[in-house]
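Q: Could you walk me through this one? I'd like to start with what the words mean before we get to the details.

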Amino acid sequence: MPSNQQLSELLDPHSTVLLTVECQQGVVGPDSALPELAKEARQSGALANVARLVAGAHESGIQVIHAIAERRPDGRGANRNARLFRAAERLPVQQLSGTTAVRVAAPIEVAEEDFVVRRLHGLSPIQGTDVDPLLRNLGCRTLVVTGVSANVAVPNAVFDAVNRGYTAVVVTDAIAGVPSDYTPALIRNTLALVATLATTAEVLGCLTRVRSSRRSR
C-alpha cells in the first residue's frame, strides 16, 4: 500500500477521476440478473463503499464517471462472440436501454456534474467508449477504479487505463466478484502488479486532508 503522502499526490482533485463500473440496478440491485454477484457486492460492503467514495468525490471536486453496460431491445450492435454474451441473452433480467436495470443502483447518488457513459458492446468500460476521450479532456492522470465485476469488467478497466497512460488506483474493498475468494486473489496476483492499491478509508482520508488544506489557505 502507498504512504499517505504518495496516495495524496496521486489523488490530486484536478487530475483524478473516480470510475464506477457497472454499479447498475440490473447487476448489483435487488432484482439483479446476477444475484450471486449482487449479493457479494452488498454483503462484502463493496457497493456501500462505492457510494461512500462517490460522495467523497463530490465533496472534494473530483469528477465521477459511471460506466453502464446495456443493450438495445433488438440486440443490434451487441457482441455474441463469447460465452458470457450468449449467456446474458438468456438471463431473466435484461440490461435494456431506458429501463430501471441500467440506472445507477442505490445507495450511490448521481450528481448533476457526473458523467454516465453507456456502452452497447464489449467487455470494457473504457475500450470503444466515451470514457477515454472524456478522461483526456478532463486532464485526468489518475483513474480510481471501483465496482463490478472483479471477474471481467474491473480488470479490463485497469488494463485499459494503464495501457493508455493513466495511473490506476484500485480501491480494494470497493470492488467485488464471484466467488468471494476470487477478488482478493485477483488483487494480490494481478492488479497489484499494475495498479496502486488502497482501501476506501485511505482514499477518503486523503480527500479529507485535501479539503482541510483548502480551508486553511
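A: Let me begin with burial: buried means under 20% relative accessible area, exposed means over 50%, and partly exposed is in between, using a 1.4 Å probe and protein chains only. By that rule Asp132 is buried, with a relative accessible area of 14%.

Q: And what kind of model is it, and how are residues numbered?
A: This is a predicted model, in which local features need pLDDT of at least 70 and side-chain atom pairs count only at pLDDT 80 or more, while totals for chains, interfaces and linings use all residues. Residues are numbered from 1 along each chain as its sequence is written, and side-chain values use heavy atoms, with hydrogens and water left out.

Q: Back to Asp132, then. Which residue does it meet in a salt bridge?
A: Its side chain meets that of Arg164, at 3.6 Å from N to O; a salt bridge here is a side-chain nitrogen of Lys or Arg within 4 Å of a carboxyl oxygen of Asp or Glu. The pair links distant parts of the chain, 32 residues apart, with Arg164 in the loop between H7 and strand E5 (167-176) and Asp132 in helix H6 (residues 131-137). Salt bridges that share partners also join Asp132, Arg136, Asp160 and Arg164 into one network.

Q: How do you decide what is a helix or a strand?
A: Helices (H or I, at least four residues) and strands (E, at least two) are DSSP runs, numbered from the N terminus.

Q: Is Arg164 buried or exposed?
A: Arg164 falls in between: it is partly exposed, with a relative accessible area of 23%.

Q: How many salt bridges are there?
A: The count comes to 8 salt bridges. One of them is formed by Arg119 and Glu22, whose closest N and O atoms are 2.9 Å apart. This pair also links distant parts of the chain, since Arg119 is in strand E3 and Glu22 is in the loop between strand E1 (16-21) and helix H2 (25-28), 97 residues apart.

Q: Are those two buried or exposed?
A: Arg119 is buried at 8% relative accessible area, and Glu22 counts as buried at 13%. Glu22 also has a phi near 55°, a positive value in a residue other than glycine.

Q: What about the pair Asp74 and Arg76?
A: Their side chains meet in a salt bridge of 3.5 Å, N to O. Asp74 counts as partly exposed at 44% relative accessibility, whereas Arg76 is exposed at 59%.

Q: Changing topic: in what order do the strands of the sheet run?
A: The order is E3-E2-E1-E4-E5-E6, an open sheet of 6 strands with parallel pairing, where two strands pair if DSSP finds at least two bridges between them. E3 and strand E6 (196-198) stand at the edges, each with a single partner strand, so one side of each is left without a neighbour in the sheet. The twist averages 25° from one strand to the next, with axes taken as lines fitted to C-alpha atoms (for helices, over the stretch in contact) and angles running from 0 to 180 degrees between N-to-C directions.

Q: How many bridges join E5 to E6?
A: There are 3 bridges between these parallel strands, and the partner of Val171 in E6 is Ala198.

Q: Where are the cis peptide bonds you would point out?
A: One runs from Val148 to Ser149, with omega near -5°, and Ser149 lies in the loop between strand E4 (142-148) and H7. Another joins Val178 and Pro179, with omega about -5°, and Pro179 is placed in the loop between E5 and H8.

Q: How many disulfides does the structure hold?
A: It holds 0 disulfides, a disulfide being a pair of cysteine sulfur atoms within 2.5 Å.

Q: Why is there no bond at Cys23?
A: Because the closest cysteine sulfur, in Cys140, is 18 Å from the sulfur of Cys23, which is too far for a bond. Cys140 is likewise without a partner, because the closest cysteine sulfur to its own is 16 Å away in Cys206, too far for a bond. Cys23 is buried at 3% relative accessible area, and Cys140 is buried at 9%.
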